[in-house]
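Please look through the structure below with the sequence at hand, and follow the description from one part to the next.

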Amino acid sequence: MAATFLNHPWGLQGSCCIPSSRKFASSSLRFPSSSLSWHGHKVRGSSSFSDDPAAFISDAIISSHRHESPSESERESESTLILIRHGESLWNEKNLFTGCCDVPLTRKGVEEAIEAGKRISYIPIDIIFTSVLIRAKMTAMLSMTQHHQKKVPIIIHNESEQATAWTRIYSEKTTKQSIPVITAWQLNERMYGELQGLNKQETAERYGKEKVHEWRRSFDIPPPKGESLEMCSERAVAYFKDFIEPQLKSGRHVMVAAHGNSLRSIIMYLEKLTSQEVMNLELSTGVPLLYIYKEGKFISRGSPVGTTEVGVYAYTQGLADYRQQFDEMSH
Amino acid sequence: MAAEVYRHAIGTFQSHSYANNVNHKQRLRNNFVRLVNNDSVSSNVLSSRGARYSSCSNRRSVIRSSASQTSVADPVSLSPSRTPTTDTNKKSNEAALILIRHGESLWNEKNLFTGCVDVPLSKKGIDEAIEAGKRISSIPVDVIFTSALIRAQMTAMLAMTQHRRKKVPIIIHNESEQARQWSQVFSEDTKKQSIPVIASWQLNERMYGELQGLNKQETADRYGKEQVHEWRRSYDTPPPNGESLEMCAERAVAYFRDQIEPQLLSGKNVMIAAHGNSLRSIIMYLDKLTSQEVISLELSTGIPMLYIFKEGRFIRRGSPIGPQEAGVYAYTKRLALYRQKLDEMF
């Protein structure tokens with residue numbers, strides 16, 4: 001049943017390579033060869049640079065961090081967290097239950113991602129986390145095309161030794177100008193089991209309206225072969241605590257591009273919501289949410305203003321200084 | 001000359017009603033097909049270094065056919081199978097193959113060697129993908145192959161947002177049993193309206209080894225201009241820890257023959273969204289080029305290339321015209337019918 005799925009990684013394409021959690025002790029780099037795991041190809045030559053992908057990420061971030069101005073590093077105690085829920089997907093448009101089916105964005109979803117990007121174009125980002133689904137990855141990549149800093153997001157591949165070797169960067173300078181992007185199945189949308197691909201009408205007919213309403217709106221009742229919101233929260237929040245929070249603690253600015261339910265789960269943790277409260281929480285699509293992480297606490301700062309909206313920008317002194325750098329650069 | 005006969009055939013075609021004269025229709029169709037084949041033979045000759053492979057110089061105007069309706073909605077299973085389809089594709093045994101090279105990436109912009117580093121598209125690359133999509137919006141697509149890199153996947157997904165048929169691309173996940181189960185679709189109707197998307201590292205860009213991430217100036221300084229030129233332009237000399245074009249071709253063409261060609265053989269229309277070197281390798285196979293010829297082959301970014309696969313042969317049909325360009329559409333009768341069906345649907 002769905003419960004047993006939780007202990008197995010969704011292929012290493014998704015799991016983060018930064019070692020620290022007991023959960024990942026069991027996941028190894030060996031797994032069935034599929035075309036996506038880059039198996040079976042003999043690569044000449046050695047590894048260099050860094051054998052440990054985690055070190056690569058840390059190195060990249062630490063060295064990029066050192067290049068920032070003194071006032072920035074003083075403010076290492078404060079870091080930003082941006083949450084973006086992806087916009088409309090092709091099945092949203094058709095009113096089908098999507099869950100973990102890997103459906104891409106519509107034209108509207110593409111525009112929403114770009115709009116979201118404009119709103120966060122002045123907020124620092126050192127590292128990006130997304131789910132393994134294309135709609136979240138595209139949302140992240142599209143939004144970053146609007147960012148004012150010149151760093152380039154690079155997706156980290158660790159599904160196999162070969163994948164890691166083939167995606168290696170051989171220039172320190174370039175690495176410092178990179179923003180690592182880590183894809184993780186734990187940030188996927190809630191898995192909707194046997195409802196995936198059904199339209200809402202079909203489902204009401206097949207199972208009855210109340211049953212469907214219960215699955216969609218309860219906290220702990222999963223649809224057949226699927227996840228409840230509680231199960232989704234468990235793996236999403238665990239991932240957040242194990243892999244994302246340490247980044248924030250060390251002063252790095254993080255962006256998370258994911259889905260309605262995985263983000264709700266994270267917000268439940270950030271804002272200490274009850275299960276009742278989280279069920280009523282609706283996240284707007286394509287509207288980024290900003291949190292400031294400071295001294296171990298998460299402060300909600302709403303949403304950065306849209307580009308045409310009049311408003312005062314600075315959420316914190318640190319962010320105001322960061323933005324000012326860009327304004328000065330263009331003069 | 002072929003051109004004159006061609007124009008004559010066009011004139012005759014337009015002045016006859018299709019439904020009334022079966023014999024005449026048959027004769028014209030034979031002429032049409034013969035002209036098409038003649039054209040493709042003459043255009044197979046590759047010219048010298050730097051010859052662009054884009055549509056501009058080679059565009060042929062073709063007749064818009066006004067024929068009776070044909071069913072366009074083919075049953076498609078979510079996982080591509082090798083069993084032949086039972087529709088009109090099988091009768092004509094003809095399938096479309098679209099190749100799209102992704103547009104500008106953020107490292108292209110910065111003039112850095114990219115290779116297999118997973119760098120996304122720039123704003124320009126996004127526009128190029130959408131433009132490419134408009135050009136193929138009326139060409140049937142049953143299954144999509146991309147590389148494992150985001151810039152090719154995004155190109156495919158952005159291009160498909162422009163497609164008129166409204167089928168939904170779904171990325172297939174096979175990296176683990178759980179991934180497969182979690183991404184399962186539970187509605188037959190929905191599966192029929194889906195286009196499976198298969199991501200494979202064998203379609204990745206040529207792996208550039210120790211040059212990945214270096215800028216072109218840096219590299220020339222570090223290794224010397226001639227050495228760099230040799231790596232970039234030779235067929236079988238790889239950069240340190242990297243692939244030569246020959247090595248790239250080996251894994252790309254093997255994949256094409258094992259996984260993609262069977263799809264075409266069973267009548268499925270295929271789109272491949274990939275990279276300069278992996279697509280060159282495939283074209284080398286499709287057009288039977290020599291290693292000298294493939295080295296001088298340049299693929300325009302974001303401009304789709306169309307091939308017709310028929311009776312085991314690949315016929316190059318250049319590039320579908322852009323939406324702003326005047327011209328007549330149909331590359332083959334079957335494609336003309338497909339387009340007409342779309343026109344009637346929407």
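Gly133(B) is buried, its relative accessible area being 0%, where buried stands for under 20% relative accessible area, exposed for over 50% and partly exposed for what lies in between, with a 1.4 Å probe and protein chains only. This glycine, Gly133(B), belongs to helix 5 of chain B, which covers residues 123-135; helices are DSSP runs of H or I with at least four residues, strands are runs of E with at least two, and both are numbered from the N terminus. Apart from neighbours within four places in sequence, Gly133(B) is in contact with Ala159(B) and Gln162(B), a contact being heavy atoms within 4.5 Å. From Gly133(B) to Arg164(B) the C-alpha distance is 9.8 Å, with their positions 31 residues apart in sequence.

This is a predicted model, in which local features need pLDDT of at least 70 and side-chain atom pairs count only at pLDDT 80 or more, while totals for chains, interfaces and linings use all residues. Residues are numbered from 1 along each chain as its sequence is written, chains are lettered from A and ligands numbered from 1 in the order in which they are written, and side-chain values use heavy atoms, with hydrogens and water left out.

Chain B as a whole has 14 helices and 7 strands, and buried residues account for 59% of its 346 residues. Of the contacts in chain B between residues at least 6 apart in sequence, 78% link residues at least 24 apart.

In chain A, the pLDDT (the predictor's confidence in each residue, from 0 to 100) averages 79, and 73% of the residues score at least 70. Residues 1-9 of chain A have pLDDT below 50, and this stretch makes 21 contacts in the model beyond near neighbours in sequence. Residues 39-56 of chain A also stay under 50, with 39 contacts in the model beyond four places in sequence.

Ile82(A) sits in strand 1 of chain A, residues 78-85, and counts as buried because its relative accessibility is 1%. The C-alpha atoms of Ile82(A) and Met255(A) are 4.6 Å apart, although 173 residues separate them along the chain. Beyond neighbours within four places in sequence, the contacts of Ile82(A) include Ile120(A), Ile123(A), Val254(A), Met255(A) and Leu289(A).
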